[in-house]
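Visitor: Could you walk me through this structure and explain the words people use for it?

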Amino acid sequence: MGQEKIRVAVVFGGRSTEHAVSCASAGLILSVIDRDRYEVLPIGIGTDGRWVLVSGDPARLALSSGSVPSVEAVAVPGSSITPVGGSSLQVTSPGSVPRDLGAVDVVLPLLHGAYGEDGTIQGLLEMTGTRYAGAGVLASAAGMDKEYMKLLLVARGLPVGPYVVVRDRDWRSAGERKRVLDEIAELGWPVFVKPARGGSSIGITRVVSPDGLEEAIEAARVHDPKVLVEAAVDGIEVECAVLEGLDGGPPEASVPGQVLVDPGSEFYDFQAKYLASAETMRIPAPVPAAAAAEIRRLACAVFDAISCEGLARVDFYYTTAGQVLVNEINTMPGMTPASGFPMMWAATGLPLPQLVDRIIQTALRKRPGLR
Ligand SMILES: Nc1ncnc2c1ncn2[C@@H]1O[C@H](COP(=O)(O)OP(=O)(O)O)[C@@H](O)[C@H]1O
Ligand SMILES: [Mg+2]
């Protein structure tokens, strides 16, 4: 008799604008997870927020220019899942009495963006006493909101570029709007306008002069009533993957990689991130050894600044003047075949199956419930 398998619920999809990316992340993870060790329960969250059982066929979850994957497309028709107390999941198939799936040992919330990477599902799992991989409630929320992320980084003395926050209240009052627009003009041009709690570059515009500014703010406000405007940084984009340390040790950072933005894209937008055919990363990043060491050190410091757990990807700029600036932390980084996180760990000597194993094992060592 073999050992009993660990039950892992892989939760993906979700209500955010990054639904398709999450499906693609799940597609990759489901294709490598060790089925001898883990009993995998793939669970999709539809764009309407409903939880359903899905067909776990990884091939149907790939993201390419020809197909945008979705939970709806792979859902077991009419099935529904309700997380209930005591780490149990209740499954309802069409026309049947709800079936209790029993305890799940750990949830892998492969969700990006709102209702996934922002602390909300983490809170739900804590309420039900379920173990889960990755960042807790506070770290998820702090990593998601670019304003609070920057405030925490600055408080820890970490380098971030200048920015202005445009709040809903500012935007609605003519006087405040003028004050904010004046503040933005002082950043110089171009600027990047982005939703405070966005992701995958959705809703982001590069603005070269005051003319396009208000329109760009409106475009970002479609995704979030709070908007950030940042001075454009001149340089290359370098990412670094981080894992929580083993046995309570300090976090570990991967070899940094450079993001190669498709020449057809103005910046690292959605098209360039997921749909461009060209190579997406150069690993190791072509920066001096001292800068690479600094990036690895800062990546761990950023991870700790928000009390992150499990895993994260920290994104930087290496400026033309040779300065390292933090762009952001992603507490549930993309895991698609084009994503930096798995590629950088592979280049650091941790291939994807072991990486997934480490993330799950780290989570299993924690107590369920409040972190
Ligand atoms: N201040 C900036 N200077 C230069 N490029 C930027 C700046 N802000 C954003 N970008 C470009 O837009 C991309 C997405 O911005 P980011 O803040 O990382 O948002 P997201 O959370 O959507 O990934 C970056 O990877 C970069 O290409
Ligand atoms: Mg980013």
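Guide: Gladly! Let us begin in the loop between β12 (235-243) and β13 (252-253), where aspartate 247 has its place. Helices (H or I, at least four residues) and strands (E, at least two) are DSSP runs, numbered from the N terminus. This is a predicted model, in which local features need pLDDT of at least 70 and side-chain atom pairs count only at pLDDT 80 or more, while totals for chains, interfaces and linings use all residues. Residues are numbered from 1 along each chain as its sequence is written, chains are lettered from A and ligands numbered from 1 in the order in which they are written, and side-chain values use heavy atoms, leaving out hydrogens and water.

Visitor: Why is aspartate 247 called exposed?

Guide: Buried means under 20% relative accessible area, exposed over 50%, and partly exposed in between (1.4 Å probe, protein chains only). Aspartate 247 has a relative accessible area of 70%, so it counts as exposed. Its phi is also positive, near 50 degrees, although it is not a glycine.

Visitor: What makes a positive phi worth pointing out?

Guide: Most residues other than glycine have a negative phi. Tyrosine 115, in the loop between β7 and α3, is another non-glycine residue with a positive phi, near 55 degrees. With a relative accessible area of 40%, tyrosine 115 is therefore partly exposed. Just after α3, glycine 129 takes a positive phi too, of about 70 degrees.

Visitor: Which residues of helix α3 are buried?

Guide: In α3 (residues 120-127), they are Ile121, Gln122, Gly123, Leu125 and Glu126. These buried residues pack against β1 (6-13), β2 (38-45), β3 (51-53), β7 (106-109) and α4 (137-144).

Visitor: Why is glutamate 18 called buried?

Guide: Its relative accessible area is 6%, so glutamate 18 falls under the 20% limit. Glutamate 18 sits in the loop between β1 and α1 (19-32). Leaving aside neighbours within four places in sequence, it is in contact (heavy atoms within 4.5 Å) with His112, Gly113, Gly199, Ser200 and Ile202.

Visitor: Why is strand β11 described as largely enclosed?

Guide: 5 of the 5 residues of β11 (residues 227-231) are buried, so the rest of the structure largely encloses this strand. Val227, Val229 and Ala231 lie on one side, Leu228 and Glu230 on the other, and both faces are covered. In a regular strand the side chains alternate between the two faces of the sheet.

Visitor: How do you know that β8 and β11 pair?

Guide: Two strands pair if DSSP finds at least two bridges between them. Strand β8 (residues 163-166) and β11 have 4 bridges, in the antiparallel sense, so they pass. One of the partnerships is tyrosine 163 with glutamate 230 of β11. Strand β9 (residues 191-195) also runs antiparallel to β11, joined by 5 bridges, and there lysine 194 has leucine 228 as its bridge partner.

Visitor: How do you know that cysteine 300 is in no disulfide?

Guide: A disulfide is a pair of cysteine sulfur atoms within 2.5 Å, and a search of the whole structure finds 0 of them. For cysteine 300, the nearest cysteine sulfur, that of cysteine 240, is 6.8 Å away, so the definition is not met. Cysteine 300 is buried, with a relative accessible area of 13%.

Visitor: Where are the cis peptide bonds that join isoleucine 283 and tryptophan 189 to their prolines?

Guide: One joins isoleucine 283 and proline 284, with omega about 0 degrees. The other runs from tryptophan 189 to proline 190, with omega near -5 degrees, and proline 190 is found in the loop between α7 (174-185) and β9.
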